[in-house]
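I opened my notebook to record what I could look up in this structure, going from a single residue to the contacts between chains. The entries follow in the order in which I made them.

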Amino acid sequence: MTEHRSPWVKLHRNPAVIVSFAILVVAALAAALGPALMPATAGEVTRNSFLPPSAQHWFGTDLNGRDLLYRVMLGAQISLIVGVTGALVSFGVGIVYGLIAGYAGGQTDSIMMRLVDILYAIPRLIFLLVLITALDPLVRKAMAIYGLQTLTGYSKVFILVLCLGMTEWLTMARIVRGQVLSLKSRIFVVASRSIGQSHKNIIFQHLLPNLMGPALVYLTLTVPAVILDESFLSFLGVGVQAPLASWGLLLSDAAQVINPIKGYWWLLLFPVIAMSMTLLALNFLGDGLRDALDPRQRG
Amino acid sequence: MIRFIAKRAAGLVVVLFCVVSITFFLIHLMPGGPFDRERKLPENIEKQLLAKYKLDGPIFEQYVNYLGDLLHGDLRLSTKYRNRSVNEILAQSLPVSGLLGSIAFCLATVSGVVLGSLAAAKQQTWIDRTAMLAALFAISLPSFVIGPLLVLIFAIDFPVLPVGGWGTLQSLILPSITLAAPYAAYIARLTRSSMLEVLTEDFIRTARAKGLSNVVVIYKHGLRVAILPVVSFLGPLAANLLTGSIIVESIFSIPGAGGFFVNSVLNRDGFLLAGVVIVYCSLLVLFNLLVDIVYGLLDRRISLYD
């Protein structure tokens with residue numbers, strides 16, 4: 001290919017990216033507007049438990065007789081917010097940390113990476129559980145003091161974003177640092193250093209564009225990973241609490257009542273479709289981004 | 001090389017010490033104690049319990065005493081599983097998790113690397129698309145969905161494998177697949193994206209220009225460099241898999257150590273918690289050391305020893 005296409009054009013011509021983007025827009029819209037468009041009674045507990053999908057309840061109803069479509073859209077809100085913000089926290093922290101460590105090298109690098117080792121060496125699940133149990137009462141108290149009692153239901157969401165973001169950046173930092181180490185000894189970086197380019201130029205013009213590919217691919221792996229982590233925490237009973245919902249909470253509820261004798265298949269099917277379509281779309285989008293941004297595949 | 005390893009081994013001790021200390025004080029930061037029940041215990045009984053489990057006295061003194069016991073290899077008594085020592089509990093459950101974990105580790109690494117490099121070699125063909133779609137599904141579904149689905153298909157609809165349990169070779173198959181699936185997918189994606197980058201490099205062009213076959217170029221010259229990101233992922237992967245997963249173990253009723261990671265926190269069982277953290281931590285640092293050595297051997301552009 002001789003013509004030089006901008007990343008934006010490349011992204012536009014990739015059908016998988018367009019479809020994924022459309023799916024994500026639909027998911028975001030459903031999360032933002034869906035619950036408000038449903039009748040107000042949809043989220044209430046009724047006696048109609050385990051109704052199969054029908055014209056009235058498109059996705060059927062759950063154990064407590066709540067409309068599953070409503071629950072899935074409510075779950076989309078929390079899952080998307082937790083996934084995206086948690087991943088962005090880890091992305092920012094990881095890139096800055098890995099770049100500094102790898103670029104500085106020497107003593108700074110080894111101290112910074114030992115710290116990552118130490119944090120790594122505490123099992124993430126334990127770190128998360130301890131952080132959540134320790135922070136939960138504190139955040140509630142703080143919210144009560146500042147007159148935010150109406151938001152206490154969401155204190156868990158806030159804690160989850162914080163804790164997941166603060167535990168997910170370690171791998172990002174390691175990947176970025178590894179890339180920087182490898183790039184630093186490559187000829188084009190050595191050359192630009194030898195002609196006296198400033199550190200700022202080397203970092204922003206040579207290192208960042210070249211490590212953005214792997215970092216972005218890892219970011220797109222982090223968003224679903226955070227959504228999955230949240231679902232594990234919900235499965236263990238320390239994540240989002242009812243009456244709020246997340247996809248993980250819906251799936252773990254379903255996994256607990258589903259068995260071959262009572263086939264409440266819709267409880268599993270619809271949350272799985274919602275969650276996996278979103279995660280698939282995120283991953284396709286990330287791949288498209290990688291192909292478009294990777295400077296060495298450009299032109 | 002020997003100096004490098006000795007330096008890192010000393011580092012291992014420092015890391016272990018830091019992690020034990022952090023864990024010890026984190027446990028004390030958590031609200032609630034190990035003997036908190038609905039009904040408050042009479043004061044003298046609680047006092048005796050605390051003394052038996054060496055939880056009395058000022059916190060710094062407790063910490064120093066605990067470190068002393070650790071040096072003698074004593075992980076102390078569990079406050080939840082009364083009268084059983086943490087050493088005993090871990091000695092029973094860790095081999096189970098370790099066996100399952102090592103099978104899953106091999107499964108994930110081999111299938112991930114093979115599928116990933118195959119997909120990169122056949123970029124934009126149906127092989128690439130199918131492999132990556134399968135990988136995406138494996139990443140996108142939580143193991144508490146994959147596990148029951150596998151059970152439903154292979155143990156109930158087509159009863160060829162046991163539903164769960166421990167002890168037979170067949171009972172290892174479904175849990176190790178469930179455990180390995182997301183990691184295999186992860187590795188496949190990592191291998192593919194890194195292989196695609198490597199295949200644009202000059203030395204690959206040179207290898208092709210020499211007339212080497214596609215297989216040799218990709219698996220001998222390409223994989224050697226393309227595997228680097230995968231290698232750096234293997235350290236944490238091994239530590240994670242070998243210490244067990246609560247979800248897979250509860251789905252398949254396997255008597256492993258994974259459950260202790262969660263229950264010890266929820267039960268405020270401090271010494272058991274510290275015990276699993278120590279095991280996990282030692283494994284992790286050990287495997288990361290191995291990874292660094294392999295990294296240096298594979299990529300000569302990185303010098304470890306200055």
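Entry one. I began in chain B of this predicted model, where I found B:Phe137 in helix H5, which covers residues 126–140 of that chain. I then asked myself whether B:Phe137 is buried, partly exposed or exposed. I noted that B:Phe137 counts as partly exposed because it has 15 C-beta neighbours inside 10 Å, while being buried would take 20 or more. I also looked up B:Ala181, which is 44 residues away from B:Phe137 along the chain, and found their C-alpha atoms 9.6 Å apart.

Entry two. Turning to chain B as a whole, I listed 13 helices and zero strands, and I noted that buried residues make up 42% of its 306 residues. Its C-alpha atoms fill a box of roughly 85 × 60 × 30 Å along the principal axes.

Entry three. How many residues of chain A are in contact with chain B? I wrote down 42 residues of chain A, in contact with 39 residues of chain B. Several helices of chain A each supply at least two residues of the side that touches chain B, among them helix H4 (106–121) and helix H10 (265–293). I sorted the residues of this side of chain A into 27 nonpolar, ten polar and five charged.

Entry four. Last, I looked at the largest nonpolar core, which has 173 residues, and found that A:Ile126 and B:Ile187 touch the most other members. Helix H3 (residues 68–104) of chain A gives the largest share of this core, 17 residues. Leaving out residues up to four places away in sequence, I noted that A:Ile126 touches B:Phe261, B:Val265, B:Leu273 and B:Val277.

Definitions and conventions: Residues are numbered from 1 along each chain as its sequence is written. Chains are lettered from A and ligands numbered from 1 in the order in which they are written. This is a predicted model: local features need pLDDT of at least 70, side-chain atom pairs count only at pLDDT 80 or more; totals for chains, interfaces and linings use all residues. Helices (H or I, at least four residues) and strands (E, at least two) are DSSP runs, numbered from the N terminus. A residue is buried if 20 or more other C-beta atoms lie within 10 Å of its own, exposed if 12 or fewer, and partly exposed in between; C-beta atoms are placed from the backbone. Two residues are in contact if their C-beta atoms, placed from the backbone, lie within 7 Å. Ala, Val, Leu, Ile, Met, Phe, Trp, Tyr, Cys and Pro count as nonpolar, Asp, Glu, Lys and Arg as charged, and the others, Gly among them, as polar. A nonpolar core is a set of buried Ala, Val, Leu, Ile, Met, Phe, Trp, Tyr and Cys residues joined through C-beta atoms within 7 Å.
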